[in-house]
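Here is a short tour for someone meeting this structure for the first time. Have a look at the sequence and the model, then read on.

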Amino acid sequence: MSKSWEEINARIASGEAAVMTAEEFGALASAEGVSEAARTVDVVTTGTFGPMCSTGAFLNFGHSDPPIKMGTITLNDVPASGGLAAVDTYLGATEPSTMHGIEYGGAHVIEDLLRGRAVRVKATGPGTDCYPRTEIDTYVTLDDLNQAYLFNPRNSYQNYAVAVNTGDRVLYTYLGTLLPRLGNATYCSAGALSPLLNDPTYRTIGVGTRCFVAGAPGYVAWEGTQHNPNQQRDEHGEPVSPAGTIAVIADLKQASPDYFSAATLAGYGVSAFVGIGIPIPVLDEDLAATLALTDADLTATVFDYGVQRRSRPALRQVTYAELRSGEIEIEGKRVPTGPISSLPVARRIASELKRWITEHRFTLAPPLQPLPQPGSQGFKPLEIRTEEAI
Amino acid sequence: MARKRLDLTFPPRQATKAITYHLVKDFDLVPNILRAQIQPGQEGRMLLELTGGQAEFEAGVAFLRSEGVEVHEAASDICLDVERCVVCGLCTAVCRPGALTLAEGTADLVFDKDKCVYCEACVVACPRRAVMLRF
Ligand code: SF4
Ligand code: SF4
């Protein structure tokens, strides 16, 4: 059995496509078998909603009269890049504000814009013959901006670490508060709904893939930063620790605060929950087999964040089903687990994407260029060198 | 045996120590101060858990009132802002008593107030600032 992209898109266009979320597809495959599921279903939708730190937006303010070449820029006291032409900027989600630190940062500005709130823009410039103004202090809403688009360099990690702490003090990390002496374990993946775990070798996800980004129709723009296809993989071809990533782009004006939520991780910093959903065509039974995997089949590796080095010791592997049970066993101890990635919102995204395809005839785009495949590239560390050593 | 949580408001200059002492000594109640906000010369607040017999409990409360302490059953002291909550579940990872859990299957957030010890761990951990403790 195999189907082509064209056949599937034709069925979407005529309203006949059979679309299921990855959870529904897993249930169907376990009831009727993978072959039957592959035959009857055309598209499987995925979804994830967790903090994704490498997120931000390009904004263009338009020109004031007299115009200014913005050099230092703040939005609600959050510094944005002044290194892009006169009135372009990039606002990074994790940038803290000068006034409120990590309680209000770049992600909060983006959420405020999405909620239609006015944001205070302050900028200074050098004053040139063509841009004579040296200071500006004004308010803008999302509607006022010429362009506003999310460009997130690294989203939707294919699998992630499970964090524990064997040390003696509480740790505040990007995976939440880790209680000492294996007091808890946190994890951050949508598991069976996770986009890249459903297509582990990136057969259908690549540059140009149409997808759901924070409630807006968007695209996979490039491989994500730190994309690492060479992680250890299990018998299903699934990586057992953080592996592939994607960079995504989407119009902020079409995004929704239901799928973009600013976050403050205690003692760590600002981040943003970003909703990502990718539709995957059921091209053949091989793909159907990975689409059918459930939380009981997918594993993650438990790392000890009590060791504060780049390479943290791996303690064991656990399945997402075990993690979701609320308790895992590590070194003979029962350790309570808690997620950071929202399962209810991930489910909502997969269902919403299904609705886009069935009701709005949202068609799929085959990759214009594949993501780097397993074997093609690794993930390099940053070595600390002196000038003499170069 | 009854275990109740009380929200107490002390008039300025009320000796709170003496009051908990009397609750133990005269009424055989076991007090557990969950939260307290007492500043000299100002009205004070205390979230007090009392364990003991029903009759003793009632007598203890009557004693508190006779001392000028305003006594209310603690009810709305922890609030979850459902508009802000994204149901990530991170708070459940730090709630040792298991007052905050995720429902099996739906993964919806469930709060069992009886298990809460008002440690505020969830307040600090919540990335959405969706949990607030209030007197
Ligand atoms: S940590 Fe905050 S946002 Fe997450 S589930 Fe708990 S209350 Fe909701
Ligand atoms: S205050 Fe402490 S015990 Fe109560 S819900 Fe929050 S973490 Fe749990």
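## Chain B at a glance

Starting from the N terminus, chain B goes through its elements in the order β-α-β-β-α-β-β-α-β-β-α-β. That comes to four helices and eight strands. Keep in mind while you look around that this is a predicted model.

How far does the C-alpha trace of chain B span along its principal axes? The answer is about 50 × 35 × 20 Å. Chain B has 135 residues, and 43% of them count as buried. Now take the contacts in chain B with a separation of 6 or more: 66% of them come from residues 24 or more positions apart.

## A stop at V24(B)

For a single residue in chain B, try V24(B), which sits in helix 1, residues 16-25. With a relative accessibility of 42%, V24(B) counts as partly exposed, because that class covers values from 20% to 50%. Setting aside neighbours within four places in sequence, V24(B) is in contact with L29(B) and P31(B).

You can also check V24(B) against L50(B), which is 26 residues away along the chain. The C-alpha atoms of these two are separated by 9.7 Å.

## Where the two chains meet

Now for the place where chain B touches chain A. Chain B brings 20 residues to the contact, and chain A brings 28 residues. About 1,700 Å² of area is buried between them, with carbon and sulfur atoms giving 57% of it.

How many salt bridges are there between chain B and chain A? The count is two. In a salt bridge with an N to O distance of 2.8 Å, the side chain of E103(A) meets that of R129(B). There are also ten residue pairs in polar contact across this interface, both residues being at pLDDT 80 or more. On the side of chain B that touches chain A, the elements giving two or more residues are helix 3 (90-94) and helix 4 (121-125) of chain B. Helix 3 of chain B gives the most, with four residues. Sorted by type, the residues on this side of chain B are twelve nonpolar, four polar and four charged.

## A strand with two faces in chain A

Over in chain A, look for strand 10, residues 119-124. Which of its residues are on the covered face, and which are on the uncovered one? V119(A), V121(A) and A123(A) make up the covered face, whereas R120(A), K122(A) and T124(A) make up the uncovered one. In a regular strand, side chains take turns between the two faces of the sheet.

Strand 10 of chain A has antiparallel partners to look at. Strand 5 (residues 72-75) of chain A is joined to strand 10 by four bridges, and the two run antiparallel. Here L75(A) stands opposite V121(A). Strand 11 (residues 135-140) of chain A also runs antiparallel to strand 10, with six bridges joining them. In that pairing, V119(A) has V140(A) as its bridge partner.

## A loop with buried residues

Next, find the loop between strand 12 (147-155) and strand 13 (162-164) of chain A, where Q158(A) lies. Is Q158(A) buried or exposed? It counts as buried, because its relative accessibility is 0%. The side chain of Q158(A) makes a polar contact of 2.6 Å with that of Y202(A). Leaving out residues up to four places away in sequence, Q158(A) touches several others, including L196(A), L197(A), D199(A), R233(A) and P239(A).

S156(A) lies in this loop between strand 12 and strand 13 too. Although it is not a glycine, S156(A) has a positive phi of about 55°. S156(A) counts as buried, because its relative accessibility is 3%. N159(A) is found in the loop between strand 12 and strand 13 as well. N159(A) has a positive phi of about 70° and is not a glycine. With a relative accessible area of 1%, N159(A) is buried.

## A cis bond to finish

One last spot is in chain A, in the loop between strand 4 (56-60) and strand 5, where P66(A) lies. What kind of peptide bond joins D65(A) and P66(A)? It is a cis peptide bond, with omega at about -10°.

Methods
Residues numbered from 1 in each chain as written. Chains lettered and ligands numbered in written order. Heavy atoms only, no water. Contact = heavy atoms within 4.5 Å. Buried area = accessible area lost by both parts, 1.4 Å probe. Salt bridge = Lys/Arg side-chain N within 4 Å of Asp/Glu carboxyl O. Polar contact = N/O pair within 3.5 Å; in protein donor to acceptor, adjacent residues only side chain to side chain. Nonpolar A, V, L, I, M, F, W, Y, C, P; charged D, E, K, R; others polar. Buried < 20%, exposed > 50% of the residue type's maximum accessible area, 1.4 Å probe, protein only. Pairing = 2+ DSSP bridges.
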